[in-house]
Amino acid sequence: MVKLAVIHYSQTGNVYEMARTAAREGQDAGAEVRLRKVRELAPPEAVASNEAWANHFEASADVQEATLDDLDWADAVLWGTPTRYGLPTAQIKQFIDTTGPLWQQGKLADKVMSTFTSTQTSHGGQESTILAMNNTFYHWGAIIVSPGYTDPLQFDVEIGNPYGASHIGLMGPVGEKNRVAVAIQTKRVVSIARRLHG
């Protein structure tokens with residue numbers, strides 16, 4: 001059975017909804033799934049200053065925090081991160097920065113990696129954020145799996161980011177087309193991981 005970790009950071013809940021979809025789709029595809037969030041780095045007063053942030057922080061309190069064991073355990077990892085100036089969030093980056101011991105032992109090589117994201121605007125850095133995540137995976141010797149245009153639904157302009165599923169915050173909450181995009185990506189990740197890891 002493929003072991004899939006869905007590791008994400010979400011400030012106001014959009015990436016979290018995408019991560020929950022990925023976890024469900026992974027289970028439906030026959031994978032054993034761990035849904036994890038990375039640790040919040042912002043001070044409590046910053047979180048409290050934004051109602052949506054504070055509400056999501058409280059609503060997701062029961063989601064386990066990611067550890068290096070989750071990466072060691074997984075055959076495949078789906079990463080979810082909002083965009084910050086076209087880059088992954090500091091919270092995701094901080095977690096990645098702790099992976100040196102696994103990397104040095106070669107324990108991240110040959111694992112399947114894929115990223116989904118959410119931005120406020122349609123040109124807010126979705127593709128550059130995913131490409132920035134890929135830089136890490138190259139160093140690990142991981143296998144990057146994108147959704148590409150491998151499903152006819154990817155040709156729908158509201159679904160088909162070939163780099164990874166993407167959501168636009170100004171378009172409203174995560175909707176059905178976003179979930180379809182996450183499903184396509186997740187099923188492909190599990191399928192490729194199954195071929196590689198049996």
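This section describes strand pairing, nonpolar cores, selected residues and the largest pocket in a predicted model.

Strand E3 spans residues 76-84. Of its nine residues, eight are buried, so the strand is mostly covered by the cut-off of under 20% relative accessible area. Three strands pair with E3. Strand E1, residues 3-8, runs parallel to E3, and five bridges join the two. Within that pairing, His8 has Gly80 of E3 as its bridge partner. Strand E5, residues 112-119, is also parallel to E3, through seven bridges. There, Leu78 is bridged to Ser114 of E5. The pairing with strand E4, residues 87-88, is antiparallel and comprises two bridges. Thr83 has Pro88 of E4 as its bridge partner.

E3 and E4 form a hairpin with two residues between the strands. Tyr85 lies in this loop. The residue has a positive phi of about 55°, although Tyr85 is not a glycine. Most residues other than glycine have a negative phi. Tyr85 is also exposed, with a relative accessible area of 86%. A second non-glycine residue with positive phi is Asp110, at about 70°. Asp110 sits in the loop between helix H6 (100-104) and E5. Its relative accessibility is 47%, so Asp110 counts as partly exposed.

In soluble globular proteins, nonpolar side chains tend to be buried together. The largest nonpolar core of the model holds 26 residues. Leu4, Val6, Leu78, Val112, Phe116 and Val189 have the most contacts inside this core. Two or more core residues come from each of E1, helix H1 (14-28), E3, E5 and H8. H8 gives the most, with eight residues. Another core lies apart from this one and has 22 residues, including Tyr9, Val47, Ala66 and Ala142.

Val112 illustrates the contacts made by a residue of the largest core. With neighbours within four places in sequence left aside, Val112 touches Asp75, Ala76 and Val77. Val112 is likewise in contact with Ile143 and Val145. Val189, Ile192, Ala193 and Leu196 complete its list of contacts.

Ser118 also belongs to strand E5. Ser118 has a relative accessible area of 8% and is therefore buried. Beyond its neighbours within four places in sequence, Ser118 is in contact with Asn14, Val15, Thr81, Pro82, Thr83 and His167. Thr83, one of these contacts, is the residue bridged to Pro88 in E4. Glu51 is 67 residues from Ser118 in sequence. The C-alpha atoms of Ser118 and Glu51 are 19 Å apart.

Rolling a probe the size of a water molecule over the atoms shows where empty space is left. The largest pocket has a volume of about 520 Å³. Its lining consists of 22 residues. Gln126, Val157, Glu158, Ser166 and Ile168 are the closest of these to the pocket centre. Helix H7 (126-140), strand E7 (166-168) and helix H8 (176-197) each give two or more residues to the lining. H8 thus appears both in the pocket lining and in the largest nonpolar core. By class, 12 lining residues are polar, seven are nonpolar and three are charged.

Notes. Residues are numbered from 1 along each chain as its sequence is written. This is a predicted model: local features need pLDDT of at least 70, side-chain atom pairs count only at pLDDT 80 or more; totals for chains, interfaces and linings use all residues. Side-chain values use heavy atoms; hydrogens and water are left out. On a 1 Å grid over the protein atoms alone, a cavity is a set of points where a 1.4 Å probe fits but cannot get out, and a pocket is an open set with protein on both sides within 12 Å along at least five of seven lines; lining residues have an atom within 4 Å of a point. Grid points are joined across faces, edges and corners, and a volume is the space filled by probe spheres set on the points. Helices (H or I, at least four residues) and strands (E, at least two) are DSSP runs, numbered from the N terminus. Ala, Val, Leu, Ile, Met, Phe, Trp, Tyr, Cys and Pro count as nonpolar, Asp, Glu, Lys and Arg as charged, and the others, Gly among them, as polar. Buried means under 20% relative accessible area, exposed over 50%, partly exposed in between (1.4 Å probe, protein chains only). Two strands pair if DSSP finds at least two bridges between them. A nonpolar core is a set of buried Ala, Val, Leu, Ile, Met, Phe, Trp, Tyr and Cys residues joined through side-chain atoms within 4.5 Å. Contact means heavy atoms within 4.5 Å.
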